[in-house]
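I wanted to look up two things today: how the chain is divided, and how one pair of helices packs. My notes follow the display.

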Amino acid sequence: MYKRIKSIIGLGLMFSLLLFVIACNSDSPQSTFDPHGPIAELQKNLFMFTFWIAVVVFIIVEGGIIYLTFKYRKKDDKLPVQTHGNLKLEITWTIIPAIIVVIIAIPTVLAIWETQVMPEEEDSLVIEAVGHQWWFEFKYPTEEVVTANELHLPEDKDVIVNLRSQDVLHSFWIPKIAGKVDMVPNHENQLYIKADEPGLYYGQCAEFCGIAHAMMRFRVIVHTPENYQNWLDEMRTPPAKLASGSDEDEGRKLFVGNCSMCHTYDSYKKGAYTKEITSQYNRWEEWKNDKENSAIVSAPNLTHYGNRITLAAGIKENNLENLIKWIENPDEIKIGTRMKNHASIYRDENELSNEQINQIAKYLLSLKPSQESSATYNK
Ligand code: HEC
Ligand SMILES: [Cu+2]
């Protein structure tokens, strides 16, 4: 008996130690215990408050169970005194939990108020985030900038994110900054977020949305206000001209012929924002009207793709090798993509050669705002 208790306690201790070691791992990019914004901070504090109350309840209840088990365990064959009900005890253990619930409810309701009431639109940055199977589209309506899978934000600024979905339920979550709120088709939700300091943060879809749900992530890049403005300026700066006959220029032609029906790559132009919104809508309609045979579907905007850190909605590092693998067969990296299912290059007669894929990948990596034009823009 005592041996068994000892081994149970031993196992319990080992398990707690394991949990402790995991919890101490400081480089968890999605840890909600390492908040980098006032909303995540508030959410963490609320969690800790509830957690410690639960710990006290646990210790008292478990302590009571263990104490009573030993105190009243069977010692002889005499039947113990039989009792039925205890009014005082029952009232006590009804009132105490009720009081605890009230104590927890007060900060919870206050926190709900604080996070659900949106800041003034005039003083905030308003962004639109659209969930797609299986990637995120980010639009900046006032700045007329559009991008995908990498959200750029200025530090210390109230941000209102209007959340939408084009297809099924998704959910928008940046564990270290704020979250999470569902992205619902035909219904707009809002989320208030704010980041404390510049850095790279991880986000992900937090609502099961289909086969590649776990591979639907994004990055959040928080800038100083100056760098944020630079990023916006760069998004409106064309890339450098490509030398004719270069691999990149050959890649450009192949891209225009094989990829640009789904992917926009030139949203730095004036008026490009409105055009992209319309094209994306039309691509979607095209696909919806013929889900089997359509060769077009809404897809991530690839403007200045060479400056992106990640590939395939935050799954792989963006480099030549991964990009080639992606174009060869997106399913190898992420199963079920609409790119693989609908792009005509994956039908036998239209297959690209290795050299052509290499050229396209080089072209995509060359897509960066040119230095000269960026300087002109800043004048
Ligand atoms: C039928 C429409 C379609 C065509 C044609 C198409 N793609 Fe895509 N592409 C998509 C979709 C949809 C995604 C998003 C996949 C995902 O992450 O689920 C995507 C994703 C990508 C990405 C990753 C973007 C990111 O932000 O992570 C790259 C790069 C890309 N495509 C390149 C190409 C290239 C190069 C071609 C032409 C050889 C091409 N695509 C043709 C629909 C298309
Ligand atoms: Cu999703």
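Entry 1, domains. I am working from a predicted model. I looked up the division of the chain and found domain 1 at 32-68 + 86-117 and domain 2 at 121-378. I then checked the spacing, and the C-alpha centres of the two domains are 41 Å apart.

Entry 2, the contact between the domains. Domain 1 puts nine residues into the contact, and domain 2 puts in 12. I asked which element supplies the largest share of the side of domain 1 that touches domain 2. I found helix H2 (residues 38-71), with three residues. By class, I noted four nonpolar residues, four polar and one charged on that side of domain 1.

Entry 3, helices H7 and H10. I picked H7 (residues 320-328) and H10 (residues 354-366) for a look at their packing. Their axes lie 9 Å apart, at an angle of about 125 degrees. An angle from 65 to 115 degrees would count as roughly perpendicular and one over 145 as roughly antiparallel. H7 and H10 are therefore oblique to each other. I recorded the crossing of H7 and H10 as right-handed.

Entry 4, residues in the helix contact. From H7 I listed Leu 320, Leu 323, Ile 324, Ile 327 and Glu 328. From H10 I listed Ile 357, Asn 358, Ile 360, Ala 361, Lys 362, Leu 364 and Leu 365. What classes do the residues in the contact of H7 with H10 fall into? I get nine nonpolar, one polar and two charged.

Conventions:
Residues numbered from 1 in each chain as written. Chains lettered and ligands numbered in written order. Predicted model: local features only at pLDDT ≥ 70, side-chain atom pairs only at ≥ 80, totals over all residues. Domains from an automatic or database assignment. Contact = placed C-beta atoms within 7 Å. Helix = DSSP H or I, 4+ residues; strand = E, 2+ residues; numbered from the N terminus. Nonpolar A, V, L, I, M, F, W, Y, C, P; charged D, E, K, R; others polar. Axes fitted to C-alpha atoms, helices over the stretch in contact; angles between N-to-C directions. Parallel < 35°, antiparallel > 145°, perpendicular 65-115°, else oblique. Left-handed = near helix turned anticlockwise from the far one by under 90°.
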